[in-house]
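Grab your viewer and work through these exercises on a sheet, a crossover and a ligand site. Each task comes with a worked solution.

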Amino acid sequence: MTDEIRIEPIREDHVEGFREALDIVARERKYLIFLEAPPIEASLAYVRDNIAGGHPHMVAVADGRVVAWCDIRRAARDAQAHCGTLGMGIIPGYRDRGLGRRLIAAVLDASRAAGLRRIELNAHADNLRAIALYEKVGFEHEGIARHAVKIDGHYIDSVKMALLFD
Ligand SMILES: CC(C)(COP(=O)(O)OP(=O)(O)OC[C@H]1O[C@@H](n2cnc3c(N)ncnc32)[C@H](O)[C@@H]1OP(=O)(O)O)[C@@H](O)C(=O)NCCC(=O)NCCS
């Protein structure tokens, strides 16, 4: 199945599909700090900035539809320019088949090639599948931000993880 799913660096013609995938995952209210996608203009500006700035951002495309994304934003400040923050998501129906592993591996390779040396991320503490994936590709736990997220009245701790390239 995943053989039919192509992983591609994001292009402007992916923006609508990227936003749609983000919106679907955000509206599940379980995994992201977005609860809906930003407006299309903001999504387009974000993608254009990633492309222009060389921030690694890839999408997975199945039958012409964007079904997943992964991006790593390089930090803006000079002394943190070796650091990037990772975000990703896969829409329901395409999870638990190894796509997450393929996608994150591709984006991590691109970030290393772009000169990044530290990749960091936050995951909701109850998102065991995501945490397992990040551990498998080499991320280590760096701490817990207690009650950092609140969704539908419930506080969730945020797990802070990072990967250092040699
Ligand atoms: C989290 C997510 C990216 C993982 O991608 P995926 O394609 O579903 O996961 P994979 O099939 O690549 O599995 C990753 C690994 O974790 C393992 N795993 C999955 N769930 C697990 C669990 N609950 N406990 C332990 N290991 C688990 C898998 O067995 C697999 O290991 P393997 O490669 O050795 O077989 C995807 O499920 C997703 O987008 N979920 C919703 C949005 C989300 O959580 N985004 C991340 C926010 S931080």
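**Exercise 1. Work out how strands E4 and E5 pair, and find two facing residue pairs.**

Step 1: Locate the strands. E4 covers residues 83-90 and E5 covers residues 118-124. Keep in mind that this is a predicted model.

Step 2: Get the sense. E4 and E5 run parallel, with three bridges between them.

Step 3: Pick out partners. Gly-84 has Ile-119 of E5 as its bridge partner, and Thr-85 sits opposite Glu-120 in E5.

**Exercise 2. Cross to the other neighbour of E5 and say what changes.**

Step 1: Look at E5 with E7. Here the pairing is antiparallel, over seven bridges.

Step 2: Follow Ile-119 across. Its bridge partner in E7 is Leu-163, while on the E4 side Ile-119 partners Gly-84.

**Exercise 3. Assemble the whole sheet and explain which strands have a free side.**

Step 1: Write down the order. The seven strands make an open sheet, E1-E2-E3-E4-E5-E7-E6, with mixed pairing.

Step 2: Check the ends. E1 (6-9) and E6 (140-151) are the edge strands; each has a single partner strand, so one side of each has no neighbour in the sheet.

Step 3: Add the twist, which averages 25 degrees from one strand to the next.

**Exercise 4. Place helix H3 against the sheet and give the hand of its crossover.**

Step 1: Find H3 at residues 99-113 and see what it lies across: E1, E2 (57-62), E3 (65-74), E4, E5 and E7 (154-164).

Step 2: Take the angle. H3 runs at about 35 degrees to E3.

Step 3: Trace E4, then H3, then E5. Together they form a β-α-β unit, and it's right-handed.

**Exercise 5. Describe the ligand's surroundings, from neighbours to polar contacts to buried area.**

Step 1: List the neighbours. There are 21 residues around the ligand, and the nearest are Ile-90, Asp-96, Gly-98, Gly-100 and Asn-127.

Step 2: Go for the backbone contacts. A ligand nitrogen is 3.0 Å from a backbone N or O atom of Met-88. For Asp-96, a backbone N or O atom lies 2.8 Å from a ligand oxygen. Arg-97 has a polar backbone atom 3.2 Å from an oxygen atom of the ligand.

Step 3: Finish with area. On its own the ligand exposes 960 Å², and the protein buries 74% of that.

Methods. Residues numbered from 1 in each chain as written. Predicted model: local features only at pLDDT ≥ 70, side-chain atom pairs only at ≥ 80, totals over all residues. Heavy atoms only, no water. Pairing = 2+ DSSP bridges. Helix = DSSP H or I, 4+ residues; strand = E, 2+ residues; numbered from the N terminus. Axes fitted to C-alpha atoms, helices over the stretch in contact; angles between N-to-C directions. Contact = heavy atoms within 4.5 Å. Near = heavy atom within 4 Å. Polar contact = N/O pair within 3.5 Å; in protein donor to acceptor, adjacent residues only side chain to side chain. Areas by Shrake-Rupley, 256 points an atom, 1.4 Å probe, with all protein chains shown as cover. Right-handed = clockwise from strand over helix to strand, strands pointing away.
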